[in-house]
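Grab a pencil and have a look at the protein below. Each exercise gives you a task, and then we work through the solution together.

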Amino acid sequence: MATRGKNLLEAKKNIEPGKRYPLKEAVGIVVTSGKAKFDETVEAAIRLGVNPQHADQMVRGSVVLPHGLGKTVRVLVFAKGEKEKEALDAGADIVGADDIIEKIKGGWLEFDRVVATPDMMGSVGKLGKILGPRGLMPNPKVGTVTFDVGKAVGELKAGKVEFRVEKAGIVHTPVGKVSFGVERLVENIVAVIETVVKLKPASSKGTYMKGISLSSTMGPGVKVDPLDVKNL
């Protein structure tokens, strides 16, 4: 813990308080600030001018990152018959139906993402209290409830991320690893921001993208200039 605090204080010396940096410069600071002995995840926090308590201002979506997330994603698919084979052929790690549902009820959670065909949702819905709080419940809005399971699995394996604005009006999402370097991280971040911008609610008035901050797992937050990102 002491080492973490020392590294964090050292990294903060390179950040000017209150300054909003151009995106590439901000990413560069995050990358060079990574002092952990593991490959840290880089996360973006995007503050939006919306009120998530209003249904018409909820921002939720997904995007396939150009360079993925830099980690192996274990995908579970709820499907039967031909769709079960399609999922396996696409690279799904676990495919099943009622047998898997019972296994999850018993406490098994060795997977990272979940896809389900629409005809399975009646049964999968029984897992709402288990999968919901963990952000694992399949949802048609982000493409994880679909008969096109091959495409869904392929996208998740390639680095598709889902995001949803929180109560405070902030979207948190991972955008890659420190080892990606500046250019690949910038491309991933731009892909996320472009998607968030496209999802701007018609009822959102005033400034939509109020602030952006980047940080690594163990590093300090670095503020980004939204106008610079808009130009990119």
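Before hunting for empty space, fix two words: on a 1 Å grid over the protein atoms alone, a cavity is a set of points where a 1.4 Å probe fits but cannot get out, while a pocket is an open set with protein on both sides within 12 Å along at least five of seven lines. Lining residues are those with an atom within 4 Å of a point. Points are joined across faces, edges and corners, and a volume is the space filled by probe spheres set on the points. This is a predicted model, where local features need pLDDT of at least 70, side-chain atom pairs count only at pLDDT 80 or more, and totals for chains, interfaces and linings use all residues. Residues are numbered from 1 along each chain as its sequence is written, and side-chain values use heavy atoms, with hydrogens and water left out.

**Exercise 1. Find how many cavities of 30 Å³ or more the whole structure has, and say what lines the largest cavity.**

Step 1: Searching the whole structure turns up one cavity of 30 Å³ or more.

Step 2: The largest cavity holds about 30 Å³ of space.

Step 3: Its lining is made of Arg-113, Val-114, Gly-135, Leu-136, Met-137, Thr-144 and Glu-162.

Step 4: Sort that lining by class (Ala, Val, Leu, Ile, Met, Phe, Trp, Tyr, Cys and Pro are nonpolar; Asp, Glu, Lys and Arg are charged; the others, Gly among them, are polar). You get three nonpolar, two polar and two charged residues.

**Exercise 2. Describe the largest pocket: its volume, and the residues closest to its centre.**

Step 1: The largest pocket contains about 690 Å³ of space.

Step 2: There are 22 lining residues, and Arg-134, Gly-135, Glu-162, Phe-163 and His-172 are the closest to the centre.

Step 3: Now for the elements, which are DSSP runs numbered from the N terminus (helices: H or I, at least four residues; strands: E, at least two). Strands E6 (160-164) and E7 (170-177) each supply at least two lining residues, and E6 gives the most, with four.

Step 4: By class, this lining has nine nonpolar, four polar and nine charged residues.

**Exercise 3. Do the same for the second largest pocket, then place Pro-226.**

Step 1: About 320 Å³ of space lies in the second largest pocket.

Step 2: It has 12 lining residues, and those closest to its centre are Val-197, Met-209, Pro-226, Val-229 and Lys-230.

Step 3: Helix H8 (182-198) and helix H9 (226-231) are the elements that give two or more residues to this lining.

Step 4: Count the classes and you find nine nonpolar, one polar and two charged residues.

Step 5: Pro-226 sits in helix H9. Leaving aside neighbours within four places in sequence, Pro-226 is in contact (heavy atoms within 4.5 Å) with Arg-20, Met-209, Lys-210, Gly-211 and Ile-212.

**Exercise 4. Decide for Pro-226, Asn-139, Ala-97 and Lys-126: buried or exposed?**

Step 1: Get the cut-offs straight: buried means under 20% relative accessible area, exposed means over 50%, and partly exposed is in between (1.4 Å probe, protein chains only).

Step 2: Pro-226 has a relative accessible area of 13%, so Pro-226 is buried.

Step 3: Asn-139, in the loop between helix H6 (128-131) and helix H7 (149-158), comes out at 16%, so Asn-139 is buried too. Apart from neighbours within four places in sequence, Asn-139 is in contact with Arg-60, Thr-144 and Val-145.

Step 4: Ala-97 lies in the loop between strand E4 (94-96) and helix H4 (98-105). Its relative accessibility is 11%, so Ala-97 counts as buried. Not counting residues up to four places away in sequence, Ala-97 touches Phe-78, Ala-79, Lys-80 and Met-120.

Step 5: Lys-126, in the loop between helix H5 (121-124) and H6, has 60% relative accessibility, so Lys-126 counts as exposed.

**Exercise 5. Compare the distance along the chain with the distance in space for two residue pairs.**

Step 1: Ala-97 and Phe-78 are 19 residues apart in sequence, and their C-alpha atoms are 5.2 Å apart.

Step 2: Lys-126 and Trp-108 are 18 residues apart in sequence, with 15 Å from C-alpha to C-alpha.

**Exercise 6. Zoom out: how many helices and strands are there, and what share of the residues is buried?**

Step 1: The protein chain has nine helices and nine strands.

Step 2: Of its 232 residues, 44% are buried.
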